[in-house]
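User: I have a protein open on my screen and would like to talk it through with you. Could you take my questions one at a time?

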Amino acid sequence: FPTVRAYDPAYAYETAVIVFDGLKRLYEDNETAIYYITLENENYEMPEMPAGCEEGIISGMYRVSTVASDGAKHRVQLFGSGAILRQTLKAQQLLAEKYGIGSDVWSVTSYTQLRREAQECERLNMLYPNEPPRVPYVAHALAGAEGPCIAASDYVRAVAEQISPWCPGGLFALGTDGMGRSESRETLRRHFEVDPEFITLAALYQLKKHGKCDGQCVAKAVKELGIDPAK
């Protein structure tokens, strides 16, 4: 739906920034659009807003945490949205503490907005081939980022996979594909494989695919993280 601008904020300050942006664009700038904001009912601590993150919130993503494990040889980029951002932050700690892997965690507030802007850049580059090429926001944000990109959200994988063409080395997505269920959050996140342990395993698996660790490391992690391969 071209007029819908869909956002999945994780924190109160992200919601505030999106609402004020919508008020300005719809009522002051007189744009035609619908702001669709996903808000959930899980209680958790709301941090203070980092300085200078407003553009990233509206554009679709910004970095919220960096962990450089002592002596870390490898690094990954972890994308989280909405309530699953906290699962991604927990995975960041697991990767550092158990496997010595550094990472950056990004709050992705809108995969759709990121893709739309990237597609528009591609269109304009095609129409004006002799002008300096426009760089999509997602590519600019990830410029210089090390390691594979792993995304986790409450949505089906296809939502995150929208931005794969502009991620260094592509994107590996975790999501809630399959039939809906009624259960506790912890059980559902394990069932759909978007909990911290599965995000950690996905990061190790992607490092293996990039030739930075072997299959034995991934197989060992399956046992250490309490994952049942035949579940």
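User: Is Thr-109 buried or exposed?

Analyst: Thr-109 is buried, with a relative accessible area of 2%, where buried means under 20% relative accessible area, exposed over 50%, and partly exposed in between, using a 1.4 Å probe and protein chains only. Before we go on, please keep in mind that this is a predicted model, in which local features need pLDDT of at least 70 and side-chain atom pairs count only at pLDDT 80 or more, while totals for chains, interfaces and linings use all residues. Residues are numbered from 1 along each chain as its sequence is written, and side-chain values use heavy atoms, with hydrogens and water left out.

User: Where does Thr-109 lie, and what does Thr-109 touch?

Analyst: Thr-109 sits in the loop between strand S5 (102-108) and helix H4 (111-127); helices (H or I, at least four residues) and strands (E, at least two) are DSSP runs, numbered from the N terminus. If residues up to four places away in sequence are not counted, the contacts of Thr-109 are Ala-6, Tyr-7, Asp-8, Glu-14, Gly-56, Ile-57, Gly-60 and Met-61, a contact being heavy atoms within 4.5 Å. Leu-188, by comparison, is 79 residues from Thr-109 in sequence, and their C-alpha atoms are 22 Å apart in space.

User: And Ala-10, is that one buried or exposed?

Analyst: Ala-10 is buried, with a relative accessible area of 4%, and is found in the loop between strand S1 (4-7) and H1. Apart from neighbours within four places in sequence, Ala-10 is in contact with Tyr-44, Met-46, Gly-82 and Leu-85. Ala-83 is 73 residues from Ala-10 in sequence, with 5.6 Å between the two C-alpha atoms.

User: Moving to helix H4, what does Arg-115 contact?

Analyst: Arg-115, which lies in helix H4, is in contact with Gln-162, Ile-163, Pro-165 and Trp-166 once neighbours within four places in sequence are left aside. Arg-115 counts as partly exposed, at 25% relative accessibility, and the C-alpha atoms of Arg-115 and Pro-136, 21 residues apart along the chain, are separated by 8.7 Å.

User: New topic: how many aromatic pairs are there?

Analyst: The count comes to 4 aromatic pairs, under a rule in which rings of Phe, Tyr and Trp (its six-membered ring) pair if their centres lie within 6.5 Å, with planes under 30 degrees apart counted as stacked, over 60 as edge-to-face and the rest as tilted. The rings of Phe-172 and Tyr-205 have centres 5.9 Å apart and planes at 65 degrees, so this pair is edge-to-face.

User: Which elements hold Phe-172 and Tyr-205?

Analyst: Phe-172 is in strand S7 (residues 171-174) and Tyr-205 in helix H8 (residues 196-209), so the pair, 33 residues apart, links distant parts of the chain. Phe-172 is partly exposed, with a relative accessible area of 26%, and Tyr-205 is likewise partly exposed, with 33%.

User: Which residues do ring pairs link into a cluster?

Analyst: Ring pairs join Tyr-11, Tyr-13 and Tyr-44 into a cluster.

User: What about the backbone, where is phi positive in a residue other than glycine?

Analyst: Among the residues with a positive phi is Asn-30, with a value near 60 degrees, placed in the loop between helix H1 (12-28) and strand S2 (34-37) and exposed, with a relative accessible area of 64%. Glu-193 has phi near 65 degrees, also positive, and is found in the loop between helix H7 (185-191) and H8, where Glu-193 counts as partly exposed at 25% relative accessibility.

User: Last one, how many helices and strands does the protein have, and why would one say that 18 Å agrees with a compact globule?

Analyst: The protein has 9 helices and 7 strands. A compact globule of 231 residues would have a radius of gyration near 17 Å, and the protein has 18 Å, which agrees; the radius is taken over C-alpha atoms, and the globule rule is 2.2 Å times the number of residues to the power 0.38. Of the 231 residues, 47% count as buried, and among contacts between residues at least 6 apart in sequence, 72% join residues at least 24 apart.
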